[in-house]
Number of protein chains: 2
Amino acid sequence: MTNNITRQDFERSFCPVACALDELGDKWTLLIIRDLLLGKKRYQEFLASPERIATNILADRLKKLESAGFVRQQIYQQKPVRCQYILTQKGKDLRPVLQALVTWGKIYYPGSRVLDAVE
Amino acid sequence: MTNNITRQDFERSFCPVACALDELGDKWTLLIIRDLLLGKKRYQEFLASPERIATNILADRLKKLESAGFVRQQIYQQKPVRCQYILTQKGKDLRPVLQALVTWGKIYYPGSRVLDAVE
DNA sequence: AAAATTGGCTTGTATAATGCAAGTCAATAT
DNA sequence: ATATTGACTTGCATTATACAAGCCAATTTT
């Protein structure tokens, strides 16, 4: 690489909202980020969330989140190798976005409430 | 209707994030909301945005946004009937969500910038 | 007056994403 | 020895998305 400030190729446009939605714009990705922000780390914890994500979709999203730099894998035991998923700074910095969505959602979906944090 | 506080049926879960993503979780819906917040109102204005949404998807999303109460149609001329789309309070209140996404996106997609407001 | 353009869509078809159930595989617990 | 756990993968049906073209009424241009 000739320089370390890599140019984005702006999949659909140069708008930060469009760029964000290229990586986050579906029904599941932000729910996994929500779980991670609440302290969940493992496959079974994500599967246990009330929205009942399918295993193939979860595996796919975790892969995409990792290659997009939102999470990294951390091995927490050998034999058998088991890993957990940890938010990177890019992922953690989505907290204000999720928080704004929660504030809005609690108004427009009366009766809704956030899940309890893990631990 | 027997009362005016309608109960949500919580498509996937009672989480405000999940409820929000049931209505907003795709690659296009929030871009249309962005356009509306920037002052765009008409079909051709949405089509002119740099992401190049397809006409059938735009028509579908405007229909869904209307039935979900994010926008309402306003006829601005008869012969032929032409209408524009106006954000409801529910739609307008998404501004902080979009703003948080822009703040985040400008950091993680260097070189990205928001479109100019209309008018 | 005829032809082209504008605005707001709809239709058809191909490709991709999502959802559901079941299966795999290594290791640990019973 | 058998069952269970954890992290997936595979197969297949359904649904969503993308792209191109077409439609229709009215207005503008030639």
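These are my notebook entries on a predicted model with chains A and B.

**Entry 1. Fold of chain A.** I began with the secondary structure of chain A and recorded six helices and two strands. Read along the sequence, the elements run α-α-α-α-β-β-α-α. I then took the extent of the C-alpha trace, which spans about 50 × 45 × 25 Å along its principal axes.

**Entry 2. Burial, contacts and charge in chain A.** I noted that chain A has 119 residues, of which 48% count as buried. For contacts between residues at least 6 apart in sequence, I found that 43% join residues at least 24 apart. The accessible surface amounts to about 6700 Å², and carbon and sulfur atoms account for 51% of that area. I also looked up the charges: chain A carries 19 positive and 13 negative ones, and their mean positions lie 4 Å apart.

**Entry 3. Interface between the chains.** I turned next to the contact, to which chain B and chain A each contribute 47 residues. The two chains bury about 4300 Å² between them, with 71% of this on carbon and sulfur atoms. On the side of chain B, the greatest losses of area to chain A fall on R12(B), W104(B) and Y109(B), which together make up 16% of what that side buries. I searched for salt bridges between chain B and chain A and counted zero.

**Entry 4. Q74(A) and the strands.** I located Q74(A) in strand β1 of chain A, residues 71–77. Its C-alpha atom is separated by 5.2 Å from that of Q84(A), although the two residues are 10 apart along the chain. Leaving out residues up to four places away in sequence, I listed R82(A), C83(A), Q84(A) and I86(A) as the residues that Q74(A) touches. I classed Q74(A) as partly exposed because its relative accessible area is 30%, between the limits of 20% and 50%.

**Entry 5. Backbone exceptions.** Most peptide bonds are trans, and most residues other than glycine have a negative phi. I therefore checked for departures from both patterns. In chain A, the bond from K79(A) to P80(A) is cis, with omega near -10°, and P80(A) sits in the loop between β1 and β2 (82–87). In chain B, I found the bond from K79(B) to P80(B) to be cis, with omega near -10°; P80(B) is in the loop between β1 (71–77) and β2 (82–87).

For phi, I noted a positive value near 55° at R52(A), in the loop between α3 (43–47) and α4 (55–67) of chain A. R52(A) counts as exposed because its relative accessible area is 59%, over the 50% limit. R52(B) also has a positive phi, near 55°, and lies in the loop between α3 (43–47) and α4 (55–67) of chain B. With 59% relative accessibility, R52(B) is exposed.

Definitions and conventions. Residues are numbered from 1 along each chain as its sequence is written. Chains are lettered from A and ligands numbered from 1 in the order in which they are written. This is a predicted model: local features need pLDDT of at least 70, side-chain atom pairs count only at pLDDT 80 or more; totals for chains, interfaces and linings use all residues. Side-chain values use heavy atoms; hydrogens and water are left out. Helices (H or I, at least four residues) and strands (E, at least two) are DSSP runs, numbered from the N terminus. Buried means under 20% relative accessible area, exposed over 50%, partly exposed in between (1.4 Å probe, protein chains only). Contact means heavy atoms within 4.5 Å. Accessible areas come from the Shrake-Rupley method with a 1.4 Å probe; for residues, only the protein chains shown count as cover. Lys and Arg count as positive and Asp and Glu as negative; His and the chain ends are not counted. The place of a charge is taken as NZ of Lys, CZ of Arg, CG of Asp or CD of Glu. Buried area is the accessible area (1.4 Å probe) that two parts lose on being put together, summed over both. A salt bridge is a side-chain nitrogen of Lys or Arg within 4 Å of a carboxyl oxygen of Asp or Glu.
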